[in-house]
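Subject: Structure for you to look at, with notes

Dear colleague,

Here is the structure we talked about, with the sequence alongside. Please open it first; my notes follow below.

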Amino acid sequence: MNRVVKMFQAVAEDPEAYARDWKEKTNRHVIGYFCSYAPEEVMLAAGALPYRLTGSDRQIRLADSHLQAYSCSLVRSAMEDLLGGHLDFLDGTVFPHTCDSIQRLSDMWRMNASLTFHLDVVMPVKLEGASAKTYMVAVLKRFRKELETVTGACISEEKLIAASEVYNGLRTALRDIYKLRRTAPGSIGGSDLLAVTKGCMVMDRYDALGLLTDLKNEIAERKRAGEAGRKRIVLAGGLCNMPDLFDIIESAGGVVVDDDLCTGTRYADGGVDTGKEIFGALADRYLERAICPAKHAGLYKRGERLVQMVREGRADGVAFIYLKFCDPHAFDYPYLKAMLDAEGIPSMLYEIEGAFPSEGQFQTRCEAFIEML
């Protein structure tokens, strides 16, 4: 395995150890967040480390007394991590409003966490029209003011521009690597790319940007390998926390060439035009980036993007990988499948809960699906 990939892999496998070590070395704030709509640029401009909370595979014990069994594994495992003291390095948490479960988790988090601060960021759900941008700018400015109050940092517009440029570089490098994977999927394994993306959501962003640049250059020089005769698959869903999933697809004769995942291309999509007024430019990025089911920007926008991914990636089919009990993705699934069917694109749906306990079932489903393609 490549040295740079190993570094990302180490962070992705134990993000808590990385954040704890970073805080001890820098004596700066670590801010947890749950969604890619959290305005990371503002957190970085405050001198903090934005830390993506993706849950863990720890057995659920403490969270069961607070949450129903039909809450998704992300919500339940994150609550378990909090109550078990595994997130003691966090100074605060930022909750963008996404689904009902995350919104209610925010309330329970506020009551049970002993953190310095807790901020809710309620961005617009409807992303079209001038009013959405006006509202988004107001939310971002309010978030800056609240973050300045609780952290004591001065978040100047110059710092916001500098932070945005770091994220522009990071997202551009990630998109370039995803593009290389699309044209030559054998150049980087699916589980390795997942580790790289997750690492970018946790690592010091300045360090991550440097590593990504090195990795991109190396991947570009690699020869195509390991993809001949394999069926090309696009993954679609929310948060993916299971590197084994990629290995199973590959062992079944497939290869992932693209994805529409929260821990994938949706995180890397879009950029901030730092030549414009910075709050308007930040708002534009969050309004125009690839959307998730928690947002609305036209009836068919997500489906059109998915079909385009399949065409550009010359994919043979789409595998929907959903967290069990994730209502927003379940609501979108019927129309996404209908659009794929209309284009003659085969698809399968698989629901996953927790730490991927049903590998055998998924292996069987993958083998059957890939054989059918």
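Glycine 169 is partly exposed, because its relative accessible area of 25% falls between the 20% under which a residue counts as buried and the 50% over which it counts as exposed. This glycine is found in helix α7, and although glycine 169 and threonine 213 are 44 residues apart along the chain, their C-alpha atoms are separated by 8.9 Å. Please keep in mind, here and in what follows, that this is a predicted model.

Helix α7, which covers residues 157–183, also matters for the interior, as it gives nine residues to the largest nonpolar core, the most of any contributor. That core has 94 residues, and those with the most contacts inside it are Phe8, Phe34, Trp109, Leu147, Leu174 and Leu212. Apart from this core lies another, of 21 residues, which includes Leu245, Phe246, Val256 and Ile352. In soluble globular proteins, nonpolar side chains tend to be buried together.

Which residues does leucine 174 touch, once those up to four places away in sequence are set aside? The partners are Val196, Thr197, Cys200, Leu212, Tyr267 and Ala268, and of these Leu212 is itself listed among the core residues with the most contacts.

Turning to the chain as a whole, the protein has 15 helices and eight strands. Its radius of gyration is 20 Å, close to the 21 Å that the globule rule gives for 373 residues, so the chain is as compact as a globular protein of that length. Along its principal axes, the C-alpha trace spans about 55 × 50 × 45 Å. Buried residues make up 56% of the 373 residues, and, among contacts between residues at least 6 apart in sequence, 73% join residues at least 24 apart.

As for the surface, the accessible area of the protein chain comes to about 15,600 Å², and 50% of it belongs to carbon and sulfur atoms. The chain carries 46 positive and 53 negative side chains, with the centres of the two sets lying 3 Å apart.

Two alanines in the early helices may be useful as landmarks when you turn the model. Alanine 10 sits in helix α1, which runs over residues 3–13, and is partly exposed, with a relative accessible area of 44%; the C-alpha atoms of alanine 10 and glycine 253, which are 243 residues apart along the chain, are separated by 27 Å. Alanine 17 lies in helix α2 and is likewise partly exposed, with a relative accessible area of 35%. Between the C-alpha atoms of alanine 17 and phenylalanine 89, 72 residues apart along the chain, the separation is 9.4 Å.

Finally, there are two loop residues whose backbone angles deserve a look. Asparagine 27 is placed in the loop between α2 (15–26) and β1 (30–33), and its phi is near 55°, a positive value in a residue other than glycine. Is asparagine 27 buried or exposed? At 70% relative accessibility it counts as exposed, because the value is over 50%. Arginine 314 belongs to the loop between α13 (301–312) and β7 (317–323), and its phi, near 50°, is again a positive value in a residue other than glycine.

With best wishes

Key:
Residues numbered from 1 in each chain as written. Predicted model: local features only at pLDDT ≥ 70, side-chain atom pairs only at ≥ 80, totals over all residues. Heavy atoms only, no water. Helix = DSSP H or I, 4+ residues; strand = E, 2+ residues; numbered from the N terminus. Buried < 20%, exposed > 50% of the residue type's maximum accessible area, 1.4 Å probe, protein only. Core = buried A, V, L, I, M, F, W, Y, C linked by side-chain atoms within 4.5 Å. Contact = heavy atoms within 4.5 Å. Rg over C-alpha atoms; globule rule 2.2 N^0.38 Å. Areas by Shrake-Rupley, 256 points an atom, 1.4 Å probe, with all protein chains shown as cover. Lys, Arg positive; Asp, Glu negative; His and termini not counted. Charge placed at Lys NZ, Arg CZ, Asp CG, Glu CD.
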